[in-house]
Amino acid sequence: MLNIIIFGKPGSGKGTQASLIKDNYNLVHISTGDVFRKNTSQGTDLGKVAVQFMSKGELVPDEITISMLKEEIKSFMPCNGFIFDGFPRTIIQAESLDDLLKSMELNIDMVVALDVENNKLIERLLNRGKTSGRSDDKSEEKINKRLEEYDKKTKPLIDFYKNQKKFISINGVGDLNDVTTRLISIIDSKIS
Ligand code: AMP
């Protein structure tokens with residue numbers, strides 16, 4: 001099994017790149033943001049709670065996010081592996097993921113970060129907001145809140161995974177296909 005975390009700030013291209021590479025490795029793509037949005041549009045209890053945080057650009061509380069993620073993982077097992085997009089976003093989430101995988105005798109193989117500077121991210125997200133229908137992409141205030149949440153809660157994961165010798169960062173700027181090529185070549189180099 002191959003388990004990859006695609007890491008990066010909001011707007012760094014995690015979702016796009018995960019969709020593009022998942023079939024190369026026959027992986028299940030789990031985007032926690034997509035699962036929350038699906039629940040919100042279906043009006044489930046989970047969706048009703050999650051949207052209260054998402055609409056403000058805040059992270060959904062760990063307890064809710066972790067139990068949702070566990071259900072997702074179980075629903076796809078057995079499979080060839082996962083590409084996690086937008087999860088983990090806190091140390092507690094990362095520890096829970098490690099524990100869960102360990103209980104199944106699995107582990108995270110690598111964390112690949114897409115490096116993009118803030119100015120570019122804000123520009124990308126505002127652009128995406130014109131067509132994505134996502135309220136959290138539309139206002140600069142909400143985007144800034146998401147970037148603050150990243151700095152406060154998600155950035156510490158860089159050291160967490162560096163300590164496990166699993167963290168790799170690549171340049172996330174440039175032509176979409178060039179970024180995909182960079183990503184595939186770094187993953188191939190680690191699994192060969
Ligand atoms: P994304 O689609 O990854 O940009 O996520 C959109 C929003 O969903 C985030 O701003 C959070 O409100 C929520 N969300 C997604 N993944 C997580 C997570 N791992 N932990 C907490 N909140 C999350």
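Select Phe7, Gly8, Lys9, Ala113, Leu114, Asp115, Val116, Tyr150, Asp151, Lys155, Ile158 and Ser169: these residues line the second largest pocket of this predicted model. The space inside that pocket comes to about 160 Å³. Colour the lining by class, and six nonpolar, two polar and four charged residues appear.

Now show the cartoon around the second largest pocket. Which elements each supply at least two residues of its lining? They are β4, residues 110-115, and α7. With three residues, β4 gives the most to this lining.

Next, go to the largest pocket. Its volume is about 900 Å³, and the ligand takes up its space. To find the centre, select Lys14, Arg89, Arg128, Arg134 and Arg146, which lie nearest to it among the 47 lining residues. Sorted by class, the lining of the largest pocket holds 15 nonpolar, 19 polar and 13 charged residues.

Several elements each bring at least two residues to the lining of the largest pocket, and they can be selected one at a time:

- the strands β1 (2-7) and β2 (28-31);
- the helices α1 (14-25) and α2;
- the helices α6 (118-132), α7 (140-154) and α9 (176-191).

Helix α7 was also on the list for the second largest pocket, where it supplies at least two lining residues.

Stay here and select the ligand itself. How many residues surround the ligand? There are 16, and the closest are Thr32, Arg37, Glu58, Gly86 and Arg89. This shell is made up of five nonpolar, five polar and six charged residues. Select residues 32-42 to see helix α2, which gives the most to the shell, with four residues.

Three side chains are worth showing as sticks, with distances drawn to the ligand. Start with Thr32: one of its polar side-chain atoms is 2.8 Å from a nitrogen atom of the ligand. Move on to Arg89, where a polar side-chain atom also lies 2.8 Å from a ligand nitrogen atom. Arg89 was selected before, as one of the residues nearest the centre of the largest pocket. Then take Arg134, in whose side chain an N or O atom is 3.2 Å from an oxygen atom of the ligand. Turn on the protein surface: of the 480 Å² of accessible area that the ligand has on its own, the protein covers 96%.

The last stops are in the backbone. Select Met77 and Pro78, and look at the peptide bond that joins them. Is this bond cis or trans? The bond is cis, with omega about -5°. Pro78 sits in the loop that runs between α4 (62-76) and β3 (81-85).

Follow the chain through β3 to the next loop, which lies between β3 and α5 (91-103) and contains Pro88. The peptide bond from Phe87 to Pro88 is cis, and its omega is near 0°.

Finish at Asn26, in the loop between α1 and β2. What is the sign of phi at Asn26? Phi is positive, about 60°, although Asn26 is not a glycine. The two elements on either side of this loop, α1 and β2, each supply at least two residues of the lining of the largest pocket.

Notes
Residues are numbered from 1 along each chain as its sequence is written. This is a predicted model: local features need pLDDT of at least 70, side-chain atom pairs count only at pLDDT 80 or more; totals for chains, interfaces and linings use all residues. Side-chain values use heavy atoms; hydrogens and water are left out. A residue is near a molecule or strand if one of its heavy atoms lies within 4 Å of it. A polar contact is a pair of N or O atoms within 3.5 Å; within protein, one must be able to donate a hydrogen and the other to accept it, and residues adjacent in sequence count only if both atoms are side-chain atoms. Accessible areas come from the Shrake-Rupley method with a 1.4 Å probe; for residues, only the protein chains shown count as cover. On a 1 Å grid over the protein atoms alone, a cavity is a set of points where a 1.4 Å probe fits but cannot get out, and a pocket is an open set with protein on both sides within 12 Å along at least five of seven lines; lining residues have an atom within 4 Å of a point. A molecule sits in a cavity or pocket if more than half of its atoms lie within 2 Å of its grid points. Ala, Val, Leu, Ile, Met, Phe, Trp, Tyr, Cys and Pro count as nonpolar, Asp, Glu, Lys and Arg as charged, and the others, Gly among them, as polar. Grid points are joined across faces, edges and corners, and a volume is the space filled by probe spheres set on the points.
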